[in-house]
Amino acid sequence: MITFTLCLLTLIAGYFIYGHFIERVFGPDDRKTPALTKADGVDYMPLPTWKIFMIQFLNIAGVGPIFGAIMGAMFGTASYLWIVFGSIFAGAVHDYLGGMLSLRHGGESLPEIIGRYLGLPTKQVMRGFTVILMMLVGAVFVASPAGLLAKLTPGALDNTFWIIVIFVYYIMATLLPVDKIIGKVYPLFAIALIFMAVGILVMLYVYHPALPEIWDGLQNTHPKAASNPIFPMMFITIACGAISGFHATQSPLMARCMTSERYGRPIFYGAMITEGIVALIWATVATYFFHKEGMGITDASIVVFDISKGWLGTFGGVLAILGVVAAPITSGDTAFRSARLIVADFLGLEQKSMRRRLYICIPMFAVAVGLLLYNLRDSDGFQTIWRYFAWANQTLSVFTLWAITVYLVRERKGHYFYVTYLPALFMTAVCTTYICVAPEGFGMQLHVAPFVAIFAALVAAIWFKIWYFKTTKKLW
């Protein structure tokens, strides 16, 4: 518990210290925001800052900081370090600067921002890549909450029933103006999610379980350690709890509702740190569970269900589980909404009329239904979709970090090297190595992973340096 407490305090300190530094690097000012200059009553509209924070937190949370952290805890106490330092120095920086760039450029979607700084060919690739990721998110973030709800309800309300209910909700939340469902329902979801996090946090100190500490060693404790090395597997498994490209697709939604750039740090940086705290809590709880029950359990929902009911009682446990359910549901609906807006930006279709929204949403939901049917018919469907989602998610963060790095160089921000350049290099190495050695990738031998990582980082570094010298000659 000493390690957990130190990590918790470090995350909080990171928001106030490093978050303030990152804010100064960007330099928010008092210019008018898109919510005021482009108000359309559907996607661009001013919302209270507290509500924007709640929506952003719920949008980015998903199953990553809960299910991902639980599965990541199998790798041992190294998972704590990635959650803490990944959140402070990579994830929160990624979310804040990505969100602020969208705010500065009229609420642009992520592919448009990436294209602005990495070029037209990259933008075209990212448009398709991001929409595919949103479809995967929608499919992944239906299955996990449906499974938990099925455990809380009578047998007639099975997994399939809840998948249909959640998917119908996704359709409504995607089509209706942001204040009609998302703006009204999310505060209730946020209460459930915050109750879950606070309740489990308090019970951690009440039970004060004996847990391994960082100084006991960072050895890989995964039951299949031979085929699941910490690098790169842990860094892909714990995605939303440390850094996630999906977050950058959600930030433009809130950038279109903010009334001042000065609210960016609590909304973007703060939401990521809050998510890191949730991930840290569940990684710690899972560590306790695995030491008590053994490492044979691989279904994260079992950990959530047993700990919530066992520590908080029947009523409190149900509320906690509903908090866990709220996280993926509120990410899934905005994933589809983001996909709609990305396609709209690409096609130049205004979204004020329902008819034009339907032009985009009908084929989009048809693809999502296909993914859901695959998920239901194939016993390994969820695991397969999850693995592809996890890699695509982290790969998107790589492109976002490189785009932000280019922005910082162009704006002559001298801190670019350690603010985003080093995180971009690291995540490039992680994602390249994973797709090379993972079974769903090229299936290369694990012993080549370090060489692949070094080669990927070198290629990226050399490519960036060539661009840097050409660009700085023009700038200076």
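1. Helices are DSSP runs of H or I with at least four residues, numbered from the N terminus. The model under discussion is predicted. With that definition in hand, H208 can be placed in the loop between α9 (182-207) and α10. Its phi is near 45 degrees, a positive value in a residue other than glycine. R412 also has a positive phi, near 60 degrees, and it too is a residue other than glycine. R412 is found in the loop between α15 (381-410) and α16 (416-437). With a relative accessible area of 47%, R412 is partly exposed.

2. A further backbone feature concerns a proline. The peptide bond that joins F231 and P232 is cis, with omega at about 10 degrees. P232 has its place in helix α10, which covers residues 230-237.

3. The aromatic residues deserve attention. The structure holds 36 aromatic pairs. One of them is formed by F26 and Y96, and it is edge-to-face, with 6.1 Å centre to centre and 85 degrees between the planes. F26 belongs to helix α1 (residues 2-26) and Y96 to helix α5 (residues 78-104), so the pair ties together parts that are 70 residues apart in sequence. Are F26 and Y96 buried or exposed? Both residues are buried.

4. The pair of Y416 and Y421 shows how the geometry is classified. The ring centres lie 6.4 Å apart and the planes stand at 70 degrees, so this pair is edge-to-face. The cut-off behind this reasoning is that planes over 60 degrees apart count as edge-to-face. Y416 is buried, as is Y421. The two tyrosines also belong to a cluster linked by ring pairs, whose members are W402, Y416, F417, Y421, F464, W467, Y468 and F469.

5. Charged side chains also meet rings. K465 lies over the face of Y468, at 5.2 Å from the ring centre, and Y468 is a member of the cluster just described. Elsewhere, the charged end of R265 sits over the ring of Y15, 4.9 Å from the centre of that ring.

6. R265 appears again in the surroundings of E23, a residue of helix α1. Which residues does E23 touch, not counting residues up to four places away in sequence? They are P28, Y96, R262 and R265. Y96 is thus a contact of E23 as well as the ring partner of F26. E23 is buried, with a relative accessible area of 14%.

7. The structure holds 13 salt bridges. D29 takes part in more than one of them. The side chains of D29 and R31 meet in a salt bridge of 2.7 Å, N to O. R104 also forms a salt bridge with D29, and here the closest N and O atoms are 3.5 Å apart. Since R104 lies in helix α5 and D29 in the loop between α1 and α2, this pair ties together parts that are 75 residues apart in sequence. D29 counts as partly exposed at 22% relative accessibility. R104 is partly exposed with a relative accessible area of 22%, and R31 is partly exposed with 40%.

8. Another salt bridge joins the side chains of E108 and R116, at 2.6 Å, N to O. E108 is buried, with a relative accessible area of 18%, whereas R116 is partly exposed, with 39%. As for D29, R31, R104 and E261, salt bridges that share partners join these residues into one network.

9. Helix α4 (residues 64-72) is largely enclosed by the rest of the structure, because eight of its nine residues are buried. The buried residues of α4 are G64, P65, I66, F67, G68, A69, I70 and G72. A residue counts as buried under 20% relative accessible area.

10. Helix α9 offers a view of the surface. I194, V198, V202, V206 and Y207 make a nonpolar surface patch of about 440 Å². V198 lies in helix α9 and is partly exposed, with a relative accessible area of 45%.

11. The last point concerns P46, found in the loop between α2 (34-37) and α3 (49-61). P46 is partly exposed, with a relative accessible area of 43%. Leaving aside neighbours within four places in sequence, P46 is in contact with A35, L36, C257 and T259. By C-alpha to C-alpha distance, P46 and L372 are 34 Å apart in space, and they are 326 residues apart in sequence.

Conventions
Residues numbered from 1 in each chain as written. Predicted model: local features only at pLDDT ≥ 70, side-chain atom pairs only at ≥ 80, totals over all residues. Heavy atoms only, no water. Phe/Tyr/Trp six-rings, centres within 6.5 Å; stacked < 30°, edge-to-face > 60°. Helix = DSSP H or I, 4+ residues; strand = E, 2+ residues; numbered from the N terminus. Buried < 20%, exposed > 50% of the residue type's maximum accessible area, 1.4 Å probe, protein only. Lys NZ or Arg CZ within 6 Å of the ring centre and 35° of its normal. Contact = heavy atoms within 4.5 Å. Patch = residues over 30% accessible without salt bridge, like charges linked within 9 Å, V, L, I, M, F, W, Y side chains within 5 Å. Areas by Shrake-Rupley, 256 points an atom, 1.4 Å probe, with all protein chains shown as cover. Salt bridge = Lys/Arg side-chain N within 4 Å of Asp/Glu carboxyl O.
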